[in-house]
Amino acid sequence: MTRRFLFVLGSARPDGNSELLARRAAEQLPPDVEQQWIDLTAHPLPEFEDLRHDSDHVRPTEGATALLLDATLAATDLVIVSPLYWYSVSAQTKRYLDHWSGWLRTPGVDFKATMEGRTLWGVTALAHEEPEVADPLVGTLTNSAAYLGMRFGGVLLGNGSKPGDVLKDTQALARAKTFFAQDAPRARFPYEAG
Ligand SMILES: Cc1cc2nc3c(=O)[nH]c(=O)nc-3n(C[C@H](O)[C@H](O)[C@H](O)COP(=O)(O)O)c2cc1C
């Protein structure tokens with residue numbers, strides 16, 4: 001199966017550090033790998049309504065929800081490109097993840113079976129110098145991948161505050177060169193052995 005990367009951009013500003021870092025990493029992908037980039041600010045998802053236990057969700061056929069659902073189902077590799085906001089993913093990104101809960105219950109979608117075995121990656125910019133403050137974001141993505149039986153390639157972190165700052169983080173740029181080439185093992189919850 002040809003690999004197809006979906007980059008889901010979750011910053012609240014265009015051309016931010018997270019996107020710049022993700023584009024550096026994406027430059028290294030072989031030309032036969034398809035890339036799709038969707039900016040959640042340009043394609044805002046509606047507020048998530050929790051209908052899981054009331055009625056079945058209906059598969060969306062138009063708008064941002066249909067665009068993101070179809071793109072997500074088509075991706076072999078899903079890249080969450082989110083700045084670190086309050087030590088976790090941005091609200092735009094979190095809403096996208098919340099919609100997964102609806103898609104898990106949407107008849108005819110088979111979201112869990114489709115996502116199983118596919119790979120989740122993260123790319124994040126943060127202002128803090130110490131990368132461990134991003135552990136909550138890393139945990140959110142790891143556990144979400146484990147819940148869906150996905151592989152997890154890790155999170156590429158870069159430092160910066162104002163747009164463009166990340167291009168001065170030479171260590172992050174070096175990590176970007178090989179980020180998507182690294183092994184992506186099956187995601188495990190922290191309580192699982194191995
Ligand atoms: C709402 C908000 C919350 C933020 N929270 C954090 C934080 O918890 N830790 C941190 O290191 N930086 C934080 N920052 C700084 C951003 O992570 C930083 O500016 C980053 O470069 C933004 O990425 P972007 O350019 O892709 O939007 C925050 C910025 C905003 C606007």
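This talk describes the ligand shell, the nonpolar core and two helices of one structure. Please keep in mind that the model is predicted.

I begin with the ligand. It is surrounded by 19 residues, and the closest are Ser11, Gly16, Ser18, Pro83 and His128. Which elements supply at least two residues each to this shell? They are helix 1, residues 17-26, and strand 4, residues 119-126. Helix 1 gives the largest share, three residues. Sorted by class, the shell holds 10 nonpolar, seven polar and two charged residues.

Strand 4 leads to my next residue, threonine 124, which is found in that strand. Is threonine 124 buried or exposed? It counts as buried, because it has 28 C-beta neighbours inside 10 Å, and the cut-off for a buried residue is 20 or more. Setting aside residues up to four places away in sequence, threonine 124 touches Ser18, Ser82, Pro83, Leu84, Ala134, Leu137, Val155 and Leu157. Two of these names, Ser18 and Pro83, were among the closest residues to the ligand. Another, leucine 137, lies 13 residues from threonine 124 along the chain, with 8.9 Å between the two C-alpha atoms.

Leucine 137 brings us to helix 5, residues 135-147. Its 13 residues should span 18 Å at 1.5 Å a residue, and the end C-alpha atoms are 18 Å apart, which agrees. The buried residues here are Leu137, Thr140, Leu141, Thr142 and Ala145. Their cover includes strand 3, strand 4 and strand 5, the last being residues 151-159. Just after the helix, glycine 149 adopts a positive phi of about 70 degrees.

I turn now to helix 3, residues 91-103. This helix has 13 residues and reaches 18 Å from its first C-alpha to its last, close to the expected 18 Å. Buried within it are Gln92, Thr93, Tyr96, His99, Gly102 and Trp103. Viewed down the helix axis, these buried residues fall within an arc of 150 degrees, so they line one face of the helix. They pack against strand 1 (4-9), helix 2 (63-74), strand 3 (77-81) and helix 4 (111-115).

Finally, the core. The largest nonpolar core contains 43 residues. Phe7, Val8, Leu21, Ala25 and Val79 have the most contacts inside it. What does valine 79 contact, leaving aside neighbours within four places in sequence? Its partners are Phe5, Leu6, Phe7, Val8, Ala22, Trp121 and Val123. Of these, Phe7 and Val8 also appear among the core residues with the most contacts.

Technical notes
Residues numbered from 1 in each chain as written. Predicted model: local features only at pLDDT ≥ 70, side-chain atom pairs only at ≥ 80, totals over all residues. Helix = DSSP H or I, 4+ residues; strand = E, 2+ residues; numbered from the N terminus. Expected span 1.5 Å × (residues − 1). Buried ≥ 20, exposed ≤ 12 C-beta atoms within 10 Å, placed from the backbone. Arc of directions from axis to C-beta. Contact = placed C-beta atoms within 7 Å. Near = placed C-beta within 6 Å. Nonpolar A, V, L, I, M, F, W, Y, C, P; charged D, E, K, R; others polar. Core = buried A, V, L, I, M, F, W, Y, C linked by C-beta atoms within 7 Å.
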